[in-house]
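Trainee: I am new to this structure and would like a close look at a single part of it. Could you take me there slowly and show me what surrounds that part?

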Amino acid sequence: DSLQLLIDGVAKASSTGSITYNANTLSVGSHTVQAKDTNSGKYSSMIILNVSRSVSSIYCTAGENSSLSIVNRTYSGILSNSGVNNFTVATNYPLNSEYHTCVSSSGYIYCLGGKDAAGSFLNATYSAPLYYNGTGSWKTSNPYPINVVVKGGCVSYNNYMCCSGGKDAGGVYLGSAYVASLSLGNVSSWSPTTAYPTNTDFNNC
């Protein structure tokens, strides 16, 4: 018999015998798993697979290289007590960008703001699922309320993302702060919250 493995309804592998599939290629969270007999068209019972990560990784996105070119290259590396065990190329960031800021939450990376290769300040928000050896595809989500270079002023906590300060496209230093909820790569609408005590750029949180 010829078997086909379906994960979340998408065919991932097929074989005339048993099928082996590396779950490390799946994002953190719940996934449906089912087998299909391609000769009879019959499906097996569906099971739920919960994927978690015990391996810690580092993810670095885009920036300006030594040639002063703004790039979109993304790298990931496995962390250990001795440092980083090799950086490998991950899925490229959606655009060439610098000075954007990123946080991680529940198996996803979220990045916003920054400045593109033309020098334009951005309010775009992007997210991607995190894997032990890289990222999945990036997608857009609700944009930040202003075009801003945030430069590190964002944190994530309990599936929320909060950003403060930065500098807008007019060169004005900001103290405003905004918060949004995070869920499976989606960012909710941003809401204003308590402002930072002073207008500042390059603030790290």
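Trainee: My request is about the salt bridge. Which residues form the salt bridge, and where in the chain do E98 and K115 sit?

Mentor: Happy to help, and I will start with the whole protein before moving in. Please keep in mind that this is a predicted model. The protein has 205 residues, and 37% of them are buried. Its secondary structure consists of 21 strands and zero helices. The C-alpha trace spans about 65 × 40 × 35 Å along its principal axes. Among the contacts with a separation of 6 or more, 45% join residues 24 or more positions apart. The accessible surface comes to about 10,900 Å², and carbon and sulfur atoms account for 48% of that area.

Now to the charges. There are 9 positive and 8 negative side chains in the protein, and the centres of these two sets are 4 Å apart. Side chains of opposite charge can pair when their charged atoms come close. The structure holds one salt bridge, and its partners are E98 and K115, with 3.8 Å between the closest N and O atoms. The pair ties together distant parts of the chain: E98 belongs to strand β8 (residues 97-98) and K115 to strand β11 (residues 115-116), 17 residues apart.

The two partners can also be described by how much of each is accessible. E98 has a relative accessible area of 8%, so it counts as buried, the limit for that class being under 20%. K115 has 22% relative accessibility and is therefore partly exposed.

From E98 we can step across to strand β6, where V71 is found. V71 and E98 are 27 residues apart in sequence, yet 7.9 Å separates their C-alpha atoms in space. Apart from neighbours within four places in sequence, V71 is in contact with A62, G63, N65, L95, N96 and S97. One of these contacts, S97, is in β8 along with E98. V71 is partly exposed, because its relative accessible area is 24%.

Strand β6 also holds L79, which takes us towards the surface. At 39% relative accessibility, L79 is partly exposed. It is one of five residues, Y75, L79, V84, F87 and V89, that form a nonpolar patch with about 420 Å² of accessible area together. The elements giving two or more residues to this patch are β6 (70-80) and β7 (83-89). Of these, β7 supplies the largest share, three residues.

L79 has a link to strand β5 (residues 57-64) as well, where S57 lies. Beyond its neighbours within four places in sequence, S57 touches G77, I78, L79 and Y132. S57 is buried, because its relative accessibility is 19%. The C-alpha atoms of S57 and N133 are 7.8 Å apart, although their positions lie 76 residues apart in sequence.

Let us return to K115 and look at the residues next to it in sequence. G113 and G114 are among the contacts of V148, and the list, which leaves out neighbours within four places in sequence, also has F121, L122, G165, G166, K167, D168 and L174. V148 sits in strand β15 (residues 148-149). With a relative accessible area of 0%, V148 is buried. Its C-alpha atom is 8.6 Å from that of H100, a residue 48 positions away along the chain.

Two loop residues are worth a visit before we finish. Most residues other than glycine have a negative phi, and most peptide bonds are trans. N159 is not a glycine, but its phi is positive, about 65 degrees. N159 lies in the loop between β16 (154-157) and β17 (160-164), and its relative accessible area of 31% makes it partly exposed. L184 likewise has a positive phi, near 50 degrees. This leucine is in the loop between β19 (177-183) and β20 (186-187). L184 is exposed, with a relative accessible area of 57%.

To come back to your request: the salt bridge joins E98 and K115, with E98 in β8 and K115 in β11.

Notes:
Residues numbered from 1 in each chain as written. Predicted model: local features only at pLDDT ≥ 70, side-chain atom pairs only at ≥ 80, totals over all residues. Heavy atoms only, no water. Patch = residues over 30% accessible without salt bridge, like charges linked within 9 Å, V, L, I, M, F, W, Y side chains within 5 Å. Areas by Shrake-Rupley, 256 points an atom, 1.4 Å probe, with all protein chains shown as cover. Salt bridge = Lys/Arg side-chain N within 4 Å of Asp/Glu carboxyl O. Helix = DSSP H or I, 4+ residues; strand = E, 2+ residues; numbered from the N terminus. Buried < 20%, exposed > 50% of the residue type's maximum accessible area, 1.4 Å probe, protein only. Contact = heavy atoms within 4.5 Å. Lys, Arg positive; Asp, Glu negative; His and termini not counted. Charge placed at Lys NZ, Arg CZ, Asp CG, Glu CD.
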